Amino acid sequence: RKLREAEALNRDHASMASSDVRKRLSFAAEEGSIRISEALRRRGRLAVVGELKRRSPSTGDIATYADAGVVASELESWPLETLVVCTDRDYGGSLDDLKAAVKATSLPIVAKDVVVDPIQIALAADAGACGVVLVASLLGAALEDLMDTATLCGLEAVVEVHTPLETTFALNCGATVLVVNTDDRLSGQSHGIKQALGIRHLIPPNILALVASADVVDDHVAATAARAGFDAVVLG
């Protein structure tokens, strides 16, 4: 489905003469954003990343809201350093949600879609995102090229991994921000915080290490992640 969506997006933005999005893929951004890295770098405490989504394919409906901007504005008063906005329709999201959130909050925003094509990254940049999620298990050999596309568009690539092999692969591709997701996207299984703890030692101290796990539901689990050396937890 995502490949068909990408084909349609490429048709819609085929001409540089009529599409600023296409221009983003042809010319390097004048400036690159490092707002995510700056916000999440450890300063004596664990950073917190919020995630804005209406539903999850695995758990169903999560929240009902009409205006993502209103929710993003409300979340700005929470102790969050960064906000992830899901734009994939399976999560109830859209690019309009991303645009609304960018306008409503000063928090750095990461666009989360099932990215399979450079055009999706360019659209996220055009909507005002500071970063984009790239899933190592889905992209395989295409990961490095799409990381380069993110850099071209002035975005930080937040690379999602969930196994030691994926972690090593992402690091070899040049990833500087990793989020260890304890849910296996391919099998649907959740391995819990222990999965992330077993991977943390593979991530060098100069690389931002985030953890996204359904286990992060109380202070005890968050403290465990902090002691293991994670820079941030993703809630959502």
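**Exercise 1. Find which residues touch the most other members of the largest nonpolar core, and which helix gives the most to this core.**

Let's go step by step, keeping in mind that this is a predicted model.

- Step 1: The largest nonpolar core holds 59 residues, and the ones touching the most other members are I121, L134, L143 and V159.
- Step 2: Now sort by element: helix 6 is the top contributor to this core, with six residues.
- Step 3: Pick I121 and skip its neighbours within four places in sequence; what's left in contact with I121 is V115, V132, L134, L146, T149, A150, C153 and L155.
- Step 4: There's also a second, separate core of 17 residues, with I36, L40, V110 and V179 among them.

For background, nonpolar side chains tend to be buried together in soluble globular proteins.

**Exercise 2. Describe the largest pocket: its volume, its lining and the kinds of residue in that lining.**

- Step 1: Start with the space: the largest pocket has about 1,100 Å³ of it.
- Step 2: Go to the walls. The lining of the largest pocket takes in 49 residues, and nearest the centre you'll find E51, K53, Y91, K112 and G236.
- Step 3: Ask who supplies the lining. Strand 1 (residues 47-52) has the largest share, with four residues.
- Step 4: Split the lining of the largest pocket by type, and you get 28 nonpolar, 11 polar and 10 charged residues.

**Exercise 3. Do the same for the second largest pocket, starting from its volume.**

- Step 1: The volume here is about 300 Å³.
- Step 2: This second largest pocket is lined by 22 residues; K2, E5, L9, T87 and D113 are the closest to its centre.
- Step 3: Look for elements that supply at least two residues of this lining: helix 1 (2-12), helix 5 (95-104), strand 5 (109-112) and helix 6 (118-126) each do. Helix 1 gives the most, with five residues.
- Step 4: By type, the lining of the second largest pocket comes out as 10 nonpolar, four polar and eight charged residues.

**Exercise 4. Work out where D113 is found and whether D113 counts as buried or exposed.**

- Step 1: Trace the chain: D113 is in the loop that runs between strand 5 and helix 6.
- Step 2: Check the accessibility. The cut-off for buried is under 20%, and D113 has 15% relative accessibility, so D113 counts as buried.
- Step 3: List its partners. Leaving aside neighbours within four places in sequence, D113 is in contact with K2, T87, D88, Q120 and V133.
- Step 4: Link back to the pocket: K2, T87 and D113 are among the residues closest to the centre of the second largest pocket.

**Exercise 5. Count the disulfides, then check C130 and C173.**

- Step 1: The count is zero disulfides.
- Step 2: Try C130. Its nearest cysteine sulfur belongs to C153 and is 13 Å away, while a disulfide needs the sulfurs within 2.5 Å. C130 has 7% relative accessibility, so C130 counts as buried.
- Step 3: Try C173. Here too the nearest cysteine sulfur is that of C153, at 18 Å. C173 counts as buried because its relative accessibility is 12%.

**Exercise 6. Find the buried residues of helix 11 and what those residues pack against.**

- Step 1: In helix 11 (residues 219-227), the buried residues are V221, A222, T224, A225 and A226.
- Step 2: Those buried residues pack against helix 10 (193-197), strand 9 (208-212) and strand 10 (232-235).
- Step 3: Read on just past helix 11, and you meet G229 with a positive phi of about 105°.

Terms used. Residues are numbered from 1 along each chain as its sequence is written. This is a predicted model: local features need pLDDT of at least 70, side-chain atom pairs count only at pLDDT 80 or more; totals for chains, interfaces and linings use all residues. Side-chain values use heavy atoms; hydrogens and water are left out. On a 1 Å grid over the protein atoms alone, a cavity is a set of points where a 1.4 Å probe fits but cannot get out, and a pocket is an open set with protein on both sides within 12 Å along at least five of seven lines; lining residues have an atom within 4 Å of a point. Grid points are joined across faces, edges and corners, and a volume is the space filled by probe spheres set on the points. Ala, Val, Leu, Ile, Met, Phe, Trp, Tyr, Cys and Pro count as nonpolar, Asp, Glu, Lys and Arg as charged, and the others, Gly among them, as polar. A nonpolar core is a set of buried Ala, Val, Leu, Ile, Met, Phe, Trp, Tyr and Cys residues joined through side-chain atoms within 4.5 Å. Buried means under 20% relative accessible area, exposed over 50%, partly exposed in between (1.4 Å probe, protein chains only). Contact means heavy atoms within 4.5 Å.
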